[in-house]
Amino acid sequence: MAMASPPNSLLQWITSLLLLVCAAEALKFELVAHAGAESHAKERCIRNFVGQETLVVVTATVGGTKGDGMMVNIHIRDTLGNEYARPRDVVGESRSVFTSHSETAFEVCFENVYTDTRRPNPASRPVELDIDIGADAKDWSAIQATEKLKPVEADLRRIEELTAEVVHEMDYLRFREQRLRDTNESTNARVKWFGIGTTWLLIALWGWQIMYLRAYFRSKHLI
């Protein structure tokens, strides 16, 4: 019985290490305020790629207080025009959960707009952004409690789903690489046949010019 503990501890250490490697640090930056007329040009966007029907959790923590002369708005959309969330006047933590409609890139855009003629000092707000996609976006504490899983079992299940996502991503990249290779081969074949056709056309034009010039010179009794 005493020898069963070390493998369990080793397994916990391995799973913790893998989870630490898979974890992504939050993005922190200062969002400078601007006039409302410049909102589109002054948006600060973070783009990420997501697969179809994938769970995404966007957590943004915005510093400052309401009434300080600034208003932070968030806009979450994808490159196909789908809008997922648009919280306004965000202070503190804002959490947006959505499932992607398509396999495309999505953007989390921030804008900090002046709401008063007075210019606050500093004229910026700190923002901390954390984006969880797929298995990382799930509430594993709730899953562990609902399915009565041990901590190690929950960690292993999470790693299993993360590995499945990596395999799916590799399959997608291989599919895209195959399509790109087929496109390149098709383009090369078209260019080759275009070059051959152009060559024969030039040869035919050259032969016609010779025949025309010979007929012209003979009609003028030059040859």
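1. Let me start with a pair in the long-numbered end of the chain: R174 and D171 sit 3 residues apart in helix α3, so about one helical turn separates them. Their side chains make a salt bridge, with the closest N and O atoms 3.4 Å apart. On the surface side of things, R174 counts as exposed at 55% relative accessibility, while D171 is partly exposed at 37%.

2. Elsewhere, salt bridges that share partners link E43, R47, R77 and E107 into one network. Across the whole structure, the search turns up 7 salt bridges.

3. One member of that network deserves a closer look. R77 and E43 meet through their side chains at 3.3 Å, N to O. R77 belongs to strand β4 (residues 70–78) and E43 to the loop between β1 (27–32) and β2 (44–50), so this pair ties together parts 34 residues apart in sequence. Which of the two is buried, with a relative accessible area of 18%? That is R77, which falls under the 20% cut-off for buried. E43 comes out as partly exposed at 23%, because partly exposed starts where buried stops, at 20%.

4. For completeness, E83 and R86 also form a salt bridge, and their closest N and O atoms are 3.5 Å apart.

5. Now the caveat: this is a predicted model, so confidence should be read alongside the geometry. The average pLDDT of the protein chain is 81, and 86% of the residues score at least 70. Over residues 10–24, pLDDT is below 50, though the stretch has 13 contacts in the model beyond near neighbours in sequence. Residues 1–8 also stay under 50, and there the model has 1 contact beyond four places in sequence.

6. On the overall layout, the protein chain has 3 helices and 8 strands. Reading from the N terminus, the order is α-β-β-β-β-β-β-β-β-α-α. How much of the contact count comes from residues 24 or more positions apart? Taking contacts with a separation of 6 or more in the protein chain, such residues account for 76%.

7. Burial and surface next. Of the 223 residues in the protein chain, 29% are buried. The chain exposes about 15500 Å², and carbon and sulfur atoms supply 58% of that area.

8. Which residues make the nonpolar surface patch of about 840 Å²? The members are L202, L205, W208, Y212, L213, Y216, F217 and L222. Taking one of them, Y212 is placed in helix α3, which covers residues 151–219. Y212 has a relative accessible area of 47% and is partly exposed; that clears the bar for patch membership, because a patch residue needs over 30%.

9. Last, a record to set beside the model. The UniProt annotation "transmembrane region", from an unreviewed entry, covers residues 193–213. In the model, that span is 100% helix and 0% strand, and its end C-alpha atoms lie 30 Å apart. As for how far to trust the label, such annotations may be inferred rather than shown by experiment.

Conventions. Residues numbered from 1 in each chain as written. Predicted model: local features only at pLDDT ≥ 70, side-chain atom pairs only at ≥ 80, totals over all residues. Heavy atoms only, no water. Helix = DSSP H or I, 4+ residues; strand = E, 2+ residues; numbered from the N terminus. Buried < 20%, exposed > 50% of the residue type's maximum accessible area, 1.4 Å probe, protein only. Contact = heavy atoms within 4.5 Å. Areas by Shrake-Rupley, 256 points an atom, 1.4 Å probe, with all protein chains shown as cover. Patch = residues over 30% accessible without salt bridge, like charges linked within 9 Å, V, L, I, M, F, W, Y side chains within 5 Å. Salt bridge = Lys/Arg side-chain N within 4 Å of Asp/Glu carboxyl O. pLDDT = per-residue confidence, 0-100.
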